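Q: Please take a close look at the sheet of this structure and at what packs against it. I should like one connected account that goes from the strands outward.

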Amino acid sequence: MKRIILHWTGGKYTPSSTDFEHYHFLVDKCGDILKGKYTPEDNLNCNDGKYAAHCGGFNTGSIGLSICAMWGYQSPKHIGDYPFVRVQGEAAWSYCATLLKKYNLKPSKDTVMTHYEVGKMLPKSTSAGKIDITYIPYEPTISADEAGDYIRNKVRWYYER
Ligand SMILES: [Zn+2]
């Protein structure tokens, strides 16, 4: 595996049935990690159609870890009724560090990315324009372009612990 892509589902606090098909791991409101239908290894070869499609243009070698939340989110001023909570965020950053260790990866901008960052890197892919993760509901002063670095700092802290 090459990297971990962090998402939010855009749904409510528990995963939908399609969420299980699109992500390898899901974080529910309690911070529990739920496994999706496909394993990370299923994304080593995406030509057979049996893989978690979570990151258009960048699925091969990419693990999809998604926070169950953000239904109704439009902008920092209209965040909807399902903002992800700190327990979920910390569980996601911590599990991301666990996955890095499992797959012998070091935390960096190449190994830990948000879906939003992938979209900026691949503007012609279906990941372009994705807004997960551009907003940390419990740290609202962090801007969209700072969110990835905030998350990597958190992941690094768990990784080094
Ligand atoms: Zn996403």
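A: The account below takes the strands of the sheet in turn and then the helices beside them.

The model is a predicted one. Its open sheet is built from five strands in the order 3-2-4-1-5, with mixed pairing. The edges are taken by strand 3 (33-35) and strand 5 (112-114); each has a single partner strand, so one side of each is left without a neighbour in the sheet. On average, neighbouring strands of this sheet are turned by 25° against each other, direction ignored.

Strand 1 (3-8) pairs with strand 4 and with strand 5. Six bridges join strand 1 to strand 4, and the two run parallel. Along this pairing, Arg 3 stands opposite Ser 62, and Ile 4 stands opposite Ile 63. Towards strand 5, strand 1 makes three bridges, again in a parallel arrangement, with Ile 5 opposite Met 113. Six of the six residues of strand 1 are buried, so this strand is largely enclosed by the rest of the structure. In a regular strand, side chains alternate between the two faces of the sheet. In strand 1, Arg 3, Ile 5 and His 7 point one way, while Ile 4, Leu 6 and Trp 8 point the other way, and all are buried.

Strand 4 (62-67) is likewise mostly covered, with six of its six residues buried. Ser 62, Gly 64 and Ser 66 point one way from strand 4, and Ile 63, Leu 65 and Ile 67 point the other way. Strand 4 is also joined to strand 2 by three bridges, and these two strands run parallel. Strand 2 (residues 25-27) is in turn joined to strand 3 by three bridges, but here the strands run antiparallel. Phe 25 takes part in both pairings: its bridge partner in strand 4 is Leu 65, and its bridge partner in strand 3 is Lys 35.

Ser 66, in strand 4, merits separate attention. Why does Ser 66 count as buried? Ser 66 has 28 C-beta neighbours inside 10 Å, and a residue needs 20 or more to be called buried. Leaving aside residues up to four places away in sequence, Ser 66 touches His 7, Trp 8, Thr 9, Asp 19, Tyr 23 and Leu 26. One of these contacts, Asp 19, is 47 residues apart from Ser 66 in sequence, yet the two C-alpha atoms are 8.7 Å apart in space.

The account now turns to the helices. Helix 2 (residues 86-102) lies across strand 1, strand 2, strand 3, strand 4 and strand 5, and runs at about 165° to strand 4. Helix 2 has 17 residues and reaches 24 Å from its first C-alpha to its last, close to the 24 Å expected at 1.5 Å a residue. The buried residues of helix 2 include Gln 88, Gly 89, Ala 92, Trp 93, Cys 96 and Leu 100. These buried positions of helix 2 pack against strand 1, strand 2, strand 3, strand 4, strand 5 and helix 4. After helix 2 comes Asn 104, with a positive phi near 55°.

Helix 4 (residues 144-160) lies across strand 1 and strand 5, at about 145° to strand 5. Helix 4 also has 17 residues and spans 26 Å from its first C-alpha to its last, close to the expected 24 Å. In helix 4, Ala 147, Gly 148, Ile 151, Arg 152, Lys 154 and Val 155 are buried. Seen down the axis of helix 4, the buried residues fall within an arc of 160°, so they line one face of the helix. The face turned away from that buried side carries the exposed residues Asp 145, Asp 149, Asn 153 and Glu 160. Among the elements that cover the buried residues of helix 4 are strand 1, helix 2, strand 5 and helix 3 (115-121).

Sheet and helices share a nonpolar core. The largest such core has 37 residues, and those with the most contacts inside it are Ile 4, Leu 6, Leu 65, Ala 92 and Cys 96. At least two residues each come from strand 1, strand 2, strand 4, helix 2, strand 5, helix 3 and helix 4. Helix 2 gives the most to this core, with seven residues. Cys 96 touches Ile 4, Leu 6, Leu 65, Val 112 and Val 155, not counting residues up to four places away in sequence.

Methods. Residues numbered from 1 in each chain as written. Predicted model: local features only at pLDDT ≥ 70, side-chain atom pairs only at ≥ 80, totals over all residues. Pairing = 2+ DSSP bridges. Helix = DSSP H or I, 4+ residues; strand = E, 2+ residues; numbered from the N terminus. Axes fitted to C-alpha atoms, helices over the stretch in contact; angles between N-to-C directions. Contact = placed C-beta atoms within 7 Å. Expected span 1.5 Å × (residues − 1). Buried ≥ 20, exposed ≤ 12 C-beta atoms within 10 Å, placed from the backbone. Arc of directions from axis to C-beta. Core = buried A, V, L, I, M, F, W, Y, C linked by C-beta atoms within 7 Å.
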